[in-house]
Each structure stands twice: as structure tokens, then as C-alpha cells.
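This report offers a first orientation for a reader who has not met this structure before. It takes up accessibility, salt bridges, internal cavities and a surface patch in turn.

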Amino acid sequence: MAARTSFRPFVAANESRKELSVRALLLGAVFGVIFGAVTVYVGLRAGLTVAASIPISVLSISILRAFGRASILENNIVQTTGNAGQSIASGVIFTLPALIFLGFDLESTRIFALALFGGWLGVLFMIPLRRQLIVEEHGTLTYPEGTACADVLQAGERGGSFASRVFLGLGLGGLYTLFQNENLLSLFPATPNWEPNFDPHGQQILRGAAIRADVTPEYLGVGYIIGVKVSAIMLAGGVFSWLVLMPAIVFFGKHLPGPLYPGVVPIAAMSPSELWSTYVRPMGAGAVAASGLITLLRTAPTIVSALSAGFAKMGVKKGAAAEQPLRTEHDIPMSVVIAGSVVLIGLMFLFLEFQPIPGAQVGWLANLAASLLVVVFGFLFVTVSARIVGIVGSSASPVSGMTIATLMAVSAIFLVKGWTSPAFGALAITIGGMVCIAASNAGDTSQDLKTGYLIGATPWKQQVAVMVGVIISVFSIGATLNAMNKGLESFQRLPTPRAISLAALPDGVTNQGNFKRDHLEVTERRAAGSSVKAEHTELTDAKKFVVLNSIGSATLEDGKYLYDPATGKIAVQWVQGIGSEKAAAPQGRLMATVINGILSRKLPWSLVLLGVALVIGIELLGVRSLTFAVGAYLSIGTTLAIFVGGVVRWMVDSAMARHGTGPKTEAETEISSGSLYASGLIAAGGIMGLVGVCVKLYEAATDKVVPTFSETNPLHRDWVSVLMFAALAFSLYYFARKPMDSEQILEQVESEEQ
């Protein structure tokens with residue numbers, strides 16, 4: 001209690017300043033839409049998300065200042081509203097893509113509803129925890145991101161401005177992506193690639209390996225923020241998969257005349273990307289699942305202590321109930337929390353009952369049980385998440401571990417009840433998705449409330465701002481998810497067409513009607529000497545195809561296929577954008593693996609268990625295996641580019657340490673020149689990448705082609721890509737070492753706090 005009584009917020013409780021204004025909500029909503037979409041784009045591609053509260057605060061200070069004097073409390077509302085987009089997007093991309101991997105469609109209305117229910121539950125369940133976690137344990141729970149954000153807001157109130165670095169990264173990164181992105185101008189290759197195949201005496205050494213890098217600004221920025229240690233461990237996983245495992249598969253399997261399960265073509269005819277998707281990805285999923293379980297077991301004592309401490313101290317003081325609370329202690333009333341929770345339970349049940357996932361209808365009893373399980377596990381892990389982020393920060397919070405625990409418990413319940421059909425797998429991921437979204441949003445909400453507590457904000461106004469941010473951001477999140485799934489999709493011609501009877505489809509295969517587009521670009525792999533080349537063919541009569549969807553079939557691998565009635569054979573596989581090499585969605589794959597492993601027990605277990613054994617070996621080396629496992633699952637094109645950003649961070653830290661100018665505190669690290677410039681690069685890559693996805697969707701919808709540079713232009717060379725990426729990396733190094741005047745104000749703020 002001593003810490004609480006001696007604490008004085010920046011704005012006193014008896015002082016009134018502009019706070020929950022219309023312009024603050026509007027600007028926050030805009031940021032929520034932007035950063036929600038960027039988080040979806042970067043998260044699906046890199047398997048990582050980065051905090052948005054500090055970049056939003058930095059931008060808000062400058063933008064509102066341009067429209068007149070802005071209150072620190074008003075800027076806080078902007079970042080609180082906008083940060084909801086990032087937290088909701090994190091929960092969505094970690095779970096809901098599993099529906100695609102389970103064979104179901106992603107619908108915008110479903111994403112909207114589940115994100116809204118989960119996001120609001122996270123806010124409502126966090127309200128009764130605020131006083132205990134934020135106020136009573138002020139000296140115990142530091143909430144690092146929330147504290148750093150408060151420092152930024154206070155520095156901005158004193159006249160500091162950090163936005164120049166963010167805008168600089170946004171501008172240079174956007175210009176770079178315009179010429180780099182393969183869906184935009186494509187002046188130089190988006191992914192320089194080298195496939196070694198040394199052939200002394202016909203040995204074909206390292207055939208099947210590939211060294212490539214997706215030279216995007218968002219990966220460079222992510223690598224800088226997470227640092228060299230984490231990025232190096234991720235790259236180590238990629239090196240193992242792409243330079244050890246895949247060449248070994250080719251070495252031992254290239255002489256096999258037919259395909260090796262779960263492949264559908266001989267190994268000798270596979271490209272590195274096909275080797276990754278067929279053999280490495282299941283092994284990587286097993287590795288991620290095992291490391292996620294180990295992480296859950298490792299954090300179990302923390303989770304249990306957080307849960308017990310939260311329940312032990314949730315008693316309400318009866319004597320204070322009738323007192324009018326101070327402005328800085330005024331939460332949304334508990335009556336609203338309880339009523340809102342009951343209404344959300346009812347809405348969840350009605351939505352699941354009357355808007356089931358197509359092809360995944362279950363009874364009312366299962367839907368009612370699902371609604372109640374969301375509340376039970378949601379409150380449990382909201383309590384855990386809100387406390388853990390106060391200790392380790394949002395970036396290190398084991399939300400995926402909590403989601404795994406939820407899915408394992410729910411799937412076990414379904415298994416006992418005999419609910420093991422694919423429809424119940426979809427229901428399980430629905431439950432896990434809402435719990436994950438609630439826990440993710442509660443963690444970030446607690447950081448925002450900590451910021452508000454430090455600067456003297458009004459809690460109920462922040463809580464309303466988060467709810468507004470949730471409502472607005474879910475629109476962009478759902479649209480971005482579906483846009484990426486459509487914009488990054490591909491159509492692969494099967495090497496050997498599969499004969500099938502449309503009148504007597506195999507078990508697990510359903511007819512989804514005729515394909516709805518006229519034009520279609522089909523990719524076909526053909527052997528050219530010792531390598532495999534891709535050939536693209538344009539079909540203008542694609543409506544003749546019938547779409548078949550396979551879920552849990554014993555005769556046809558899961559996925560969507562195009563059936564040609566004229567030949568009576570499946571000719572083309574429809575590969576969804578989410579789950580492809582360009583948007584691997586490792587957490588979604590992990591969740592689908594957990595559900596399939598328990599309910600259907602239908603997995604390539606040999607590969608999955610190889611991943612489990614790999615993780616055990618990594619743990620025995622004393623390395624945290626989750627980062628390595630994610631790196632082993634992702635394309636090396638992703639991990640190599642992220643590692644470059646980590647190397648730049650190491651070079652900057654080393655240079656500044658030699659001159660005694662490096663950051664001295666966690667807050668200074670979060671708000672350094674390099675971190676802000678990297679945040680601008682991430683935003684630029686995400687925004688321009690989404691513009692490229694929209695271009696692809698426009699081309700598919702109108703059958704028109706947006707002009708780009710030809711692949712025969714003299715700059716479309718891999719070495720040009722490497723040179724341009726090196727120039728972008730140098731700009732990050734240069735501006736990271738160039739201090740801002742506002743950093744002196746930040747140091748003053750921190751010295752006064754001490």
C-alpha cells in the first residue's frame with residue numbers, strides 16, 4: 001500500500017482535461033484499422049506481432065498538435081483505441097486460420113462476430129481486475145510497455161516529438177516496397193533465391209536446398225525490434241529445415257519411383273517449396289506443438305500463482321461501495337460488466353446456432369456448451385494474461401500456450417462425449433479463437449490501463465475507448481484476412497489427374513458447386529534437366545470446373561480441388577493463400593494440429609514426431625525451443641530477412657555501447673530512434689503489401705492486368721534485390737545511431753520518476 005499512497009499521477013485526480021473527445025476516438029479508430037490490418041499481414045507472414053501502442057502515441061502527439069493543443073489524456077485515448085486493433089488481430093491470426101487448415105471456409109461475418117465477442121469479453125473481464133492489478137500492485141507489476149508508453153506521452157506533453165523517425169521509416173519503406181513488391185511495380189525480384197545443386201560426378205550435392213530472402217521492410221523492422229539473439233535462433237531453425245533436412249530428404253528419396261506419403265508426386269520432381277510444404281511443414285507443426293506444450297508446462301507455476309492471486313484479492317470492499325470514486329478510480333460499473341457478459345453469452349449461442357460454419361452444423365447442446373466454455377476459459381485466461389503481462393510484458397506473454405491448453409481441454413471433452421467429426425473440430429477452434437482474442441485483448445488493455453494510471457486518465461473512458469476500437473478494427477481484420485487468402489492463392493495442376501465419380505463421392509469429400517470465375521492461372525511443375533521449373537497457363541473456361549472439398553477423407557488429401565466433368569478427373573488443386581509459403585500462419589497450423597491430433601487422430605505422425613524429437617533435443621541444449629520451432633516451420637526466406645534486421649540491431653547497440661550513448665532503461669530501448677524507424681518500416685511494408693494484395697484482387701475481379709516492370713528489365717536480378725535490401729538496412733543503421741532531440745526530454749521524464 002505504501003507504493004500506492006505515495007504515487008502521484010501526471011494529471012491530478014481533481015484536474016479536468018479534454019479526454020474522450022470525438023477527434024480522439026476517430027483518430028484512434030483510423031489507427032486501429034491501419035495497425036489491425038498491418039498486424040494481420042505481418043503476423044500471417046512472419047508468425048510474429050509487434051506492439052502498436054508506442055508508434056500510435058508518437059503519431060498521435062504530432063497529428064493532434066497540428067490541429068491545435070491536445071491534452072495528454074486525449075492522446076492516451078487515441079493510443080488506447082488504436083491499440084485494440086493490434087491486440088484483436090493478434091488473437092485472430094493465431095487461431096482462426098486453423099479453420100482453413102481444417103478444410104472450412106473463412107467468412108467475413110464469422111471473423112467479425114468472433115473477434116467482437118472475444119474482444120469485448122476481454123475488456124469486460126479485465127474491468128474488475130483493474131483495481132487489484134494496476135492500483136494495489138503498482139509497485140509489483142511493472143507493465144513494461146504501458147510504462148514506456150506513459151513516458152512517451154509525458155515527453156510529448158513537455159514538447160517532445162518522436163514522429164519524424166516513424167514518418168521517415170514509413171516514407172522510405174513505402175517507396176522501397178512500391179518497387180520491390182511482386183504485386184506492385186516489381187522492378188527487382190521480391191525474393192532473391194539460390195538453389196545449390198553441385199554436381200561433381202553426378203552426386204547432386206545439396207539438391208533440394210534453397211537460400212532465399214523475402215527482402216521486405218517489415219521483416220527488417222521486425223528483426224531489429226526482436227534483436228539478434230531471437231532472430232538468430234529463428235534462422236537456426238530455418239537452416240536446419242532448408243539446408244539440412246530438405247537435402248537429406250532428396251538424397252534418400254530421389255530414387256523412389258513413386259510419391260512418398262504425404263506427398264502426391266515423386267521426391268525427385270519436387271521443388272524446394274514443395275518439399276517444404278509436404279514434409280517440412282508437418283514436422284514443423286509437430287515441433288511448434290511440442291514447444292508450445294513445453295512453454296505451457298514451464299509457465300504453469302506462473303499461471304497458477306497469477307490465477308490464485310487474482311481470485312484471492314478480488315473481494316470488493318463493502319464500506320467503499322457507497323462512496324463516489326475519484327475520477328482516476330472510476331471504472332465501468334460491475335452491473336454493466338455482469339449484464340454485458342450475460343448478453344454476450346446469449347449472442348454467442350444464437351450466432352453458433354443460427355449461423356453455423358458451412359458444413360459444420362452441430363446441435364444446440366454443443367453450441368450452448370461452447371458458449372459457456374468460452375466464458376469459463378475466457379475469464380480464467382484473461383485473469384492470467386492480465387497479470388503475466390505486468391511481469392514479462394505483452395510480447396513475452398504465453399497467449400498461445402493458454403490457447404493450446406484451452407483447445408486440449410475442449411477437444412478432450414468433445415472426445416469423451418464422442419463429438420469427433422470435423423464439425424466439432426471447427427467448433428473447438430471457434431471456442432479457442434474467442435478465448436485467445438479475449439486473453440490477447442485483456443493483456444494489451446491492462447498495459448493501456450497502466451499507462452492511464454501513470455498519467456492520470458479516467459479508467460471508464462479508456463474502457464469505452466477500447467470497446468470502440470474493437471468494433472471498428474474488426475472490420476479491417478476480417479477484410480484483410482480474406483483478402484490475403486484470396487490474393488495469395490494459387491492453382492496447382494496435379495502431376496497425375498485423379499479419377500473420381502461425382503455421383504458417388506468418397507467419404508469426407510463434398511461437392512461445393514461450380515467454380516465461379518472465368519479466368520484462371522494454373523501452375524504446373526515440369527522437370528528441366530536436374531531442376532524443376534514452373535510453367536503458367538491461362539484458362540479462360542474455368543467455370544466448367546466443379547469445386548470439391550476434402551475434409552478427413554481416407555482417399556483424398558485435405559484441401560480444395562477443381563474437378564473436370566468432361567474427363568471425370570480432378571485436374572487442379574486450389575491452394576489457399578493462408579498456409580502457403582507467402583502466408584504460412586504457423587500458430588494457426590499449430591492449433592489445427594492439436595485439434596486433429598486429439599479428435600480425428602489423422603496426422604502424418606512420423607513427421608510430427610520427428611518435430612517433437614527435434615524440440616526435445618533443442619531443449620536439452622538449453623535453448624528455448626519455441627523460437628527455433630517457429631523458425632523451422634517458416635520459410636527460410638522469412639527467417640533470413642528477419643535475421644538481417646537483428647544483425648543491424650546488434651551493430652547499432654555495439655557502436656553506441658562503445659561511445660557510451662546506448663539506451664540505459666527498457667523505456668529508452670522501446671522509444672529509441674532505431675525502434676521508431678523500424679516501426680515505420682513495419683507499417684510501410686504492411687500497408688504497401690496490402691495494396692499489392694488489393695491489386696491482385698482487382699485483377700481477378702476485372703480480368704484486367706495492372707502494368708508492372710517486365711522480368712526481362714535489366715534490374716530484375718537477384719543481386720539488385722540484395723543490394724537494395726542492403727541499402728535499406730544501412731538506412732536503418734544510420735538513423736538508429738542518429739539521436740533525436742526528444743530523447744533528452746524522455747531522459748528528463750525518467751529521471752524525475754526516479
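A residue is called buried when its relative accessible area is under 20%, exposed when that value is over 50%, and partly exposed in between. Because 23% falls between those two limits, Glu107 counts as partly exposed. The model discussed here is a predicted one.

**Salt bridges**

Glu107 shares a salt bridge with Arg110, with a distance of 2.8 Å from N to O, and Arg110, at a relative accessible area of 4%, is buried. The structure has 15 salt bridges in total, and three of them are set out below.

| Pair | N to O distance | Relative accessible areas |
|---|---|---|
| Glu74 and Arg23 | 2.7 Å | Glu74 1%, Arg23 26% |
| Arg110 and Glu107 | 2.8 Å | Arg110 4%, Glu107 23% |
| Asp564 and Lys544 | 3.8 Å | Asp564 10%, Lys544 37% |

The side chains of Glu74 and Arg23 meet in a salt bridge. Since Glu74 belongs to helix H4 (residues 72-95) and Arg23 to helix H2, this pair ties together parts that lie 51 residues apart in sequence. Glu74 is buried, whereas Arg23 is partly exposed.

The side chains of Asp564 and Lys544 also meet in a salt bridge. Asp564 sits in strand E8 (residues 559-564) and Lys544 in the loop between strand E6 (531-539) and strand E7 (546-550), so the pair ties together parts that are 20 residues apart in sequence. Asp564 is buried, while Lys544 is partly exposed. Both residues also belong, together with Asp541, to a network of salt bridges.

**Cavities**

Five cavities of 30 Å³ or more are found in the structure, and the largest cavity holds about 160 Å³ of space. Its lining consists of 17 residues, and those that lie nearest its centre are Tyr41, Arg45, Asn181, Glu182 and Lys582. At least two lining residues come from each of helix H2 (22-46), helix H8 (163-180) and helix H21 (673-702), with H21 supplying the largest share, three residues. Sorted by class, the lining of this cavity comprises four nonpolar, eight polar and five charged residues.

**A nonpolar surface patch**

On the surface, Trp194, Phe198, Ile205, Leu206 and Ile211 make a nonpolar patch of about 430 Å². Phe198 is placed in the loop between strand E1 (193-194) and strand E2 (211-212), and with a relative accessible area of 40% Phe198 is partly exposed.

Conventions. Residues numbered from 1 in each chain as written. Predicted model: local features only at pLDDT ≥ 70, side-chain atom pairs only at ≥ 80, totals over all residues. Heavy atoms only, no water. 1 Å grid on protein atoms, 1.4 Å probe; cavity = no way out; pocket = protein on both sides within 12 Å on 5 of 7 lines; lining within 4 Å. Points joined across faces, edges and corners; volume = space filled by probe spheres on them. Helix = DSSP H or I, 4+ residues; strand = E, 2+ residues; numbered from the N terminus. Nonpolar A, V, L, I, M, F, W, Y, C, P; charged D, E, K, R; others polar. Patch = residues over 30% accessible without salt bridge, like charges linked within 9 Å, V, L, I, M, F, W, Y side chains within 5 Å. Areas by Shrake-Rupley, 256 points an atom, 1.4 Å probe, with all protein chains shown as cover. Buried < 20%, exposed > 50% of the residue type's maximum accessible area, 1.4 Å probe, protein only.
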